Amino acid sequence: MIDYLKGLNERQKEAVITIDGPLMIVAGAGSGKTKVLTTRIAHLMAQGVDAFNILALTFTNKAAKEMKERVEHILGNHEARNLYIGTFHSVFARILRSEATKIGYPSNFTIYDTDDAKSVIKTVINEMNLDDKHYKPSTVYNRISSAKNALVNAEEYKNDWHIQQEDMRANRPAIAQIYDSYAKRCFKNGAMDFDDLLIKFYELLKTVPESLSKYQRRFKYIMIDEYQDTNPAQYEIIKLLGAMHENVCVVGDDAQSIYSFRGATIENILQFQKDYDNVHVVKLEQNYRSTKNILNVANEVIANNKGQIEKTLFTDNGDGEKLKLVRTLTDNDEGKFVADTIQEQKLRNHYRNKDFAILYRTNAQSRAMEESLRRMGIPYIIYGGISFYQRKEIKDFIAYLRLIVNPRDEEALKRIINYPVRGIGKTTVDKCVLFANEQNISMWEVLTRAQEYGFKAGTLEAIDNFVTMIRSFASMLQKNNAYDVAVHVGKQTNIVKELFNDKSTEGLQRYENTQELLNSIKEWVDDTANRQQIDDDGVMIEEEKLFDEPEKPQQELSFDAAPAQTEEQKKLGAVTLGAYLQQITLLTDADDKDPDADNVKLMTIHAAKGLEFECVFAAGLEEQLFPSALSINTREELEEERRLFYVVITRAKKKLWITYANTRYKFGQIVQNEPSRFLDELPEQYVDKSYAGGGLRNQSSGSSFGGGSAFDRMKGGFGNRNNDYTDVANAEKRYGAPPKANTSKPSYATPPARPQTVEHKPAADFVASDTSNLEVGNKVEHQKFGFGEVIKMEGSAHNPIATVKFELNGEKKIMLNYAKLRIVN
DNA sequence: TACAGTGCTTTTTTT
DNA sequence: AAGCACTGTA
């Protein structure tokens, strides 16, 4: 075993060896939080605590996986596999899978993602004859979700005066009713949405004493990462689970609380100290991640927030470079600047692609970045946005699988009942739903008893065929693993073939996606089976059996009297389709991307929480965007935006660029934004300001205005101002002369002083030479820098870079793909 | 019933 | 810009 206490500082050591009683670790950014958590788990186990008795809740699946691996590494054995580590949602889903029947759900309950949930809400709204333009499913969903996260059920929602006032004011008084119907519909469908995974688990603990005591006894040590981002539902669950042993350790940083929109509240940190006596508090204030310059800026920025736990981050790291604050004309120019700078940094400082992250406030900002990176041939990967599992073809495929496992899943059923087209159209579906509602049975049941409802012969036959097919699939579940079932379904339904026959580019892509889905199911089956192998060898014992007498096989709510666990099922073990589906919805797309792959990472700041990168670009620092226009109405909202800014700054280890554009596209229209107010908060002594009028690539302007580089265009005539700056004087003071506009185009800014260049006037007949054979010693003429001599060649064949010593302007690195050089000799 | 074309809306962040 | 719902046509 590694001497794990070595290499910890005093505070970290304190946090690790304090194992009994409530502990709160206030961990500043980059203070070695993960290290402390993993070491603490290893320490617990080294002290003889059984891994089965340790529960660790993380914010992402990725963090859970990493934690497991690191504990394993420290201990040098595989005991860590037995730890209960995962996200709140996945851990609770797993437990609920074995306990769901106690609260009336089938053990194969479906997990609805946000799209499914909204779809159900929409159905409910329409059935209530409400206008779904006014009662927008997404608005209603958010409202319900907030309620759930605060442990407010439909009944309480209806009776809460304050909540009702809010809904009245928004002229949406029916939300309480929708909430009620929605909850009932989900229950009837045997489905839980994301929030249900929390509140149903809470309900289980509250209403089933055996379950409460079982898990209280089991989880002797509880650890919670990213505690500042927990919501009241999670708080209450922890409180219940930890009540027996009170060995609850929470780790968080109030300065990084950025999920209040999801119901998270910093109150939980204060409440924690009130709820337990003698909370041991440890502050980790030494930062090991960033340079002094970066950290100083971060500290000053966050100091603008009022309420916070007092702490001061410091570091022994070097000063590092100043931060670069860069303004560009457009969002496209911003993208170009970022791509150019990455290219330049790779060559100059030998960085790899994976050393860079481009972080932004909204997913929509990725597009401009993507285009530039693609044009430069820089490999990148985008996190977030539409995940793989949200693609239509994937959801369709999975809907079949869901229906097979849980025939009450009405969302899945409606999705595929006529896909591929089989003559069960909208009219028929509507009728089925109506019958189902009238008789309070599931839509599936209506289908199985279709002959009772007087459908036309043709329709009846179509329904019959459909039911027969689904039943035949379902009969496979007991003997076949998830992969085999999926392959069979793909073949029999013709959905794969249909996509295969679509020879359009999108069709091809969709076909490939279904193949990828099948591959990933295969991978999951193999992985899971492997882990089972270890069970058989006695290293690991699966699931809850360890603690209680074996439970009675649960009544399957699926198909006509499903038999209890058979030998075959036991042999099949954990690789069932049901088990597969249970985890699939909870996967983030970050989970199946390799973080070590050598590509530039693009993601929102939210998604970057907990990560670190050598070089970071914080993009889009503009009013309306960051801080978001929607979050500037209250101090609380604004402070959360500022914390978000703090988070992005503290992701950087070595270098940080902060960029913003004068104009950018929004909903297909150009909008003009002021620089972000947060830029005012950057202390000048740590920041270099500059202007990138299109970066190095001013020969190939791809900017939306066409013709010439941004810089060139700027030199053109300026017309009338037509912008609506509200704080002109201040803006000028900060950022130089005001943006101006010519008549037809948006305003341009005058750049702050650039590095001095002695202007060179090229000859009238200047013609760029072919520079593919350029070599050291060549004399050249550059359009702007004048005459010089090539002193060094580097870069790759398709992106050569020459270092030229100019007579008047000194040494410059010239990217030959973009610059025009005339070879003189 | 199925598809094609048209107009309309888009809330920041996510399990 | 783009996706979606709705309308009209075959």
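**Contacts with two DNA strands and the surrounding protein elements**

By class, the residues of the surface near DNA strand B comprise six that are nonpolar, 14 that are polar and three that are charged. The structure described here is a predicted model. In total, 23 residues surround DNA strand B, and the closest of these are K136, R361, T427, L630 and S631. Of the atoms of this strand within 4 Å of the protein, sugar or phosphate supplies 48%, and the rest belong to bases.

Individual polar contacts to DNA strand B involve both bases and phosphate. An N or O atom in the side chain of T114 is 3.4 Å from a base oxygen of DNA strand B. The side chain of H606 likewise places an N or O atom 3.3 Å from a base oxygen of this strand. For N363, the partner is a phosphate oxygen of DNA strand B, at 3.1 Å from an N or O atom of the side chain.

DNA strand C has K122, R367, F667 and G668 around it. Of the atoms of DNA strand C that come within 4 Å of the protein, 40% are accounted for by sugar and phosphate. The surface near this strand is made up of one nonpolar, one polar and two charged residues. In R367, a polar side-chain atom lies 3.5 Å from a sugar or linking oxygen of DNA strand C. F667 contributes through its backbone, with an N or O atom 3.3 Å from a base nitrogen of DNA strand C.

An unreviewed UniProt entry lists residues 6-291 as "domain: UvrD-like helicase ATP-binding". Over residues 6-291, the chain is 52% helix and 12% strand, and the C-alpha atoms at the two ends are 24 Å apart. The unreviewed UniProt entry also lists a "binding site" consisting of A27, G28, A29, G30, S31, G32, K33 and T34. Of these positions, A29 is placed in the loop between strand 1 (23-27) and helix 2 (33-46). G32 is also found in the loop between strand 1 and helix 2. A29 counts as buried because its relative accessibility is 2%, with under 20% as the limit for that class. Apart from neighbours within four places in sequence, the residues in contact with A29 are D253, Q256, N287, R289, L313, Y646, T650 and R651.

Two helices were examined further. Helix 6 (residues 137-149) has 13 residues and reaches 18 Å from its first C-alpha to its last, close to the 18 Å expected at 1.5 Å a residue. Its buried residues are P137, V140, Y141, I144, S145, A147, K148 and N149. The buried residues of helix 6 pack against several elements, namely helix 5 (114-127), helix 7 (154-159), helix 9 (175-188), strand 5 (191-193), helix 10 (194-207) and helix 12 (232-242). Just after helix 6, a positive phi of about 60 degrees is found at L151.

Helix 10, one of the elements against which helix 6 packs, has 14 residues and spans 20 Å between its first and last C-alpha, close to the 20 Å expected at 1.5 Å a residue. Since 11 of its 14 residues are buried, helix 10 is largely enclosed by the rest of the structure. The buried residues are F194, D195, D196, L197, L198, I199, K200, F201, Y202, L204 and L205. At the start of helix 10, the backbone nitrogen of D195 has a side-chain oxygen of D193 within 3.0 Å.

Note on methods: Residues numbered from 1 in each chain as written. Chains lettered and ligands numbered in written order. Predicted model: local features only at pLDDT ≥ 70, side-chain atom pairs only at ≥ 80, totals over all residues. Heavy atoms only, no water. Near = heavy atom within 4 Å. Polar contact = N/O pair within 3.5 Å; in protein donor to acceptor, adjacent residues only side chain to side chain. Nonpolar A, V, L, I, M, F, W, Y, C, P; charged D, E, K, R; others polar. UniProt positions renumbered as here; feature names shortened; annotations may be inferred. Helix = DSSP H or I, 4+ residues; strand = E, 2+ residues; numbered from the N terminus. Buried < 20%, exposed > 50% of the residue type's maximum accessible area, 1.4 Å probe, protein only. Contact = heavy atoms within 4.5 Å. Expected span 1.5 Å × (residues − 1).
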